[in-house]
Amino acid sequence: MPGIREIRRLPYSAEQMYNLVADVARYAEFLPWVAATRVRSDSETEMVADMLVGFKAIREKFTSRVEKERPSRIKVHYVDGPLRDLDNVWNFAPLPDGGCEVDFTVDFTFKNKVFEKLAGQYFDRAFRKMVAAFEERAEQLYGQPA
């Protein structure tokens, strides 16, 4: 299963970043390629949500089960959609200066191996664009770091 990992030190608290990532209902407002989201169920520890992702004429719906461990971890497990598997994990570790370290990993497997090889070439760039969108959203919500 191909995977990508990104670690960032951000000037926002672990709680702030956890809240931003856990707010799946608002992803369409700031994440590229996310056309819509629907939260089916939500509790303090688990969420089930659908996400409609699109690029040009292509649209696909994903369903995921999200395990939440406030404020340190969010694990997303693929339930249904066009892939064979898609899992990601967000870890939020507080830093002494009040910020946090965000450790984000994504692992995915396409149903079609040829498509996996082709898409894999673009997935890294798309992943980095999504990480940047989360950082920009944090700045919008929590302000410019001092």
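User: Is K68 buried or exposed?

Analyst: The model is predicted, so the reading starts from a computed value and its cut-off: a residue counts as buried under 20% relative accessible area. K68 has 11%, so this lysine is buried.

User: Where does K68 lie, and with which side chain does its side chain make a polar contact?

Analyst: K68 lies in strand β4, which covers residues 58–69. Its side chain makes a polar contact with the side chain of D42, at 2.6 Å.

User: Which residues is K68 in contact with, leaving aside its neighbours within four places in sequence?

Analyst: A contact here means heavy atoms within 4.5 Å. On that basis K68 is in contact with Y18, A22 and R73, and with D42, S43, E44, T45, E46 and M47. D42 therefore appears both in this list and as the polar partner of K68.

User: Is S64, also in strand β4, buried or exposed?

Analyst: The same cut-off of 20% applies. S64 has a relative accessible area of 14%, so it is buried. Leaving aside neighbours within four places in sequence, S64 is in contact with M47, V48 and A49, and also with V76, H77, Y78 and V79. M47 is a contact of S64 and of K68.

User: How should I read backbone geometry, and which peptide bond is cis?

Analyst: Most peptide bonds are trans, and most residues other than glycine have a negative phi. Here the bond from R70 to P71 is cis, with omega near -10 degrees. P71 sits in the loop between β4 and β5, the latter being residues 73–80.

User: Which residue has a positive phi although it is not a glycine, and where is it?

Analyst: That residue is W33, with a phi of about 75 degrees. W33 is in the loop between α1 (14–22) and β2 (34–42). Its relative accessible area is 28%, so W33 counts as partly exposed.

User: What does G98 touch, not counting residues up to four places away in sequence?

Analyst: G98 touches Y12 and S13. It lies in the loop between β6 (83–94) and β7 (100–110). At 43% relative accessibility, G98 is partly exposed.

User: How far apart are G98 and V79 in sequence and in space?

Analyst: Separation in sequence and separation in space are two separate readings. G98 and V79 are 19 residues apart in sequence and 35 Å apart in space, taken C-alpha to C-alpha. V79 is one of the contacts of S64.

User: How many helices and strands are there, and in what order do they run?

Analyst: The protein has 2 helices and 7 strands. From the N terminus the order is β-α-β-β-β-β-β-β-α. The radius of gyration is 15 Å, close to the 15 Å from the globule rule for 146 residues, so the protein is as compact as a globular protein of that length. Its C-alpha atoms fill a box of roughly 45 × 30 × 25 Å along the principal axes.

User: What share of the residues is buried, and what share of the contacts joins residues at least 24 apart?

Analyst: Buried residues make up 38% of the 146; K68 and S64 are among the buried ones. Among contacts between residues at least 6 apart in sequence, 45% join residues at least 24 apart.

User: What does the protein expose, and how many charged side chains has it?

Analyst: About 8,500 Å² is exposed, with carbon and sulfur atoms supplying 53% of it. There are 22 positive and 23 negative side chains, and the centres of the two sets lie 6 Å apart.

Terms used. Residues numbered from 1 in each chain as written. Predicted model: local features only at pLDDT ≥ 70, side-chain atom pairs only at ≥ 80, totals over all residues. Heavy atoms only, no water. Helix = DSSP H or I, 4+ residues; strand = E, 2+ residues; numbered from the N terminus. Rg over C-alpha atoms; globule rule 2.2 N^0.38 Å. Buried < 20%, exposed > 50% of the residue type's maximum accessible area, 1.4 Å probe, protein only. Areas by Shrake-Rupley, 256 points an atom, 1.4 Å probe, with all protein chains shown as cover. Lys, Arg positive; Asp, Glu negative; His and termini not counted. Charge placed at Lys NZ, Arg CZ, Asp CG, Glu CD. Polar contact = N/O pair within 3.5 Å; in protein donor to acceptor, adjacent residues only side chain to side chain.
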